Amino acid sequence: MGRGVYWLPRRPVPLQRPTNQPTMSLRKPPPPRLVLDNVSCIRNSQKVLSNINATLHDGAALVLTGPNGSGKSTFLRMLAGFSRPSAGRILWNGHDTAVSGVYHQYRLHLNWLTLKDAIYDGFTVLENIQWFEVLEGKVGKAEKALEFMGLARLANEKPRRLSMGQRKRLQLARLIAIDRPIWLLDEPSVALDHEGVKLLEQIIKENRRNGGVVIVATHLPIEMEDALHLRLPERFPRRLNSVDLLGRRE
Ligand SMILES: Nc1ncnc2c1ncn2[C@@H]1O[C@H](COP(=O)(O)OP(=O)(O)OP(=O)(O)O)[C@@H](O)[C@H]1O
């Protein structure tokens with residue numbers, strides 16, 4: 001029997017370094033996936049966000065909190081490219097997303113979930129995911145995603161039969177099936193029951209584990225390990241009324 005070369009032990013080849021070169025590594029670390037560099041945003045002639053800085057590497061999560069009207073949705077809209085920063089830059093892989101060629105690549109990596117659920121009543125529950133899969137040129141994850149979110153038995157129903165929480169689960173199933181790495185989630189746990197919140201936490205964890213980045217605006221607690229937290233300040237603090245003033249004297 002002839003001897004194949006594959007059994008030969010692999011002999012390490014000594015690396016030769018030119019003697020006049022420094023010993024440091026030549027590989028540059030990758031840039032952060034997303035950077036907000038001193039970003040401000042004006043809406044309706046009012047400054048909503050001022051000088052925001054954040055650096056997000058693969059696997060990172062950022063939780064945005066703050067009172068009503070403090071700018072959480074504006075922050076997500078700006079990251080999605082629907083509003084432009086009035087100052088500062090949003091960098092994706094080190095490139096400014098204000099450059100249209102960069103933006104067109106960047107937006108293909110975004111998964112966006114808002115309170116407007118973009119669920120079409122003319123489609124079944126399953127088709128509401130499959131349609132997005134077709135647009136993405138991806139197929140085959142819709143049924144598994146529905147099953148994971150506990151909606152398998154409703155796959156052929158029309159969405160008008162769904163409860164609010166089930167509609168939110170359908171949105172989350174779409175998020176998994178579409179499988180884009182940067183998740184922008186506006187109040188993703190609203191209407192979810194305890195099990196739904198746990199499933200949400202699980203899919204966020206899985207996306208991060210796969211190197212994705214998750215940014216969540218929320219009023220409700222969502223468990224996310226090692227997440228960065230940014231609390232936006234109240235924009236128009238309420239004027240003190242007589243009840244507040246009486247309370248202050250005590
Ligand atoms: N379509 C719009 N056009 C102009 N201004 C808007 C629009 N939507 C919101 N705003 C203003 O932007 C500011 C921030 O709103 P935003 O929705 O970002 O707050 P939020 O923190 O997400 O609030 P909430 O907790 O109520 O969801 C508010 O003062 C609001 O009036």
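Visitor: Which residues surround the ligand in this model?

Guide: A shell of this kind is read by proximity, a residue counting as near a molecule if its C-beta atom, placed from the backbone, lies within 6 Å of it. In this predicted model, the ligand is surrounded by Arg43, Asn44, Val48, Gly66, Asn68, Gly69, Ser70, Gly71, Lys72, Ser73, Thr74 and Arg235. By class, the shell holds eight polar residues, three charged and one nonpolar.

Visitor: Which helix gives the most to the shell around the ligand?

Guide: That is helix α1, residues 72-80, with three residues in the shell.

Visitor: Is α1 mostly covered or exposed, and what covers its buried residues?

Guide: Burial is judged by counting neighbours, and a residue is buried if 20 or more other C-beta atoms lie within 10 Å of its own. Helix α1 is mostly covered, with seven of its nine residues buried, among them Lys72 and Ser73, which also belong to the shell around the ligand. The cover over the buried residues of α1 includes the strands β1, β2, β3, β4, β7 and β8, and after the helix comes Gly81, with a positive phi near 90°.

Visitor: Where do the buried residues of α3 fall when seen down the axis of the helix?

Guide: In α3, residues 125-136, the buried residues are Val125, Leu126, Asn128 and Ile129. Seen down the helix axis, they fall within an arc of 165°, so they line one face of α3. This buried set packs against α4 and α5, whereas Val134 and Leu135, on the other side of α3, are exposed.

Conventions:
Residues numbered from 1 in each chain as written. Predicted model: local features only at pLDDT ≥ 70, side-chain atom pairs only at ≥ 80, totals over all residues. Helix = DSSP H or I, 4+ residues; strand = E, 2+ residues; numbered from the N terminus. Nonpolar A, V, L, I, M, F, W, Y, C, P; charged D, E, K, R; others polar. Expected span 1.5 Å × (residues − 1). Buried ≥ 20, exposed ≤ 12 C-beta atoms within 10 Å, placed from the backbone. Arc of directions from axis to C-beta. Contact = placed C-beta atoms within 7 Å.
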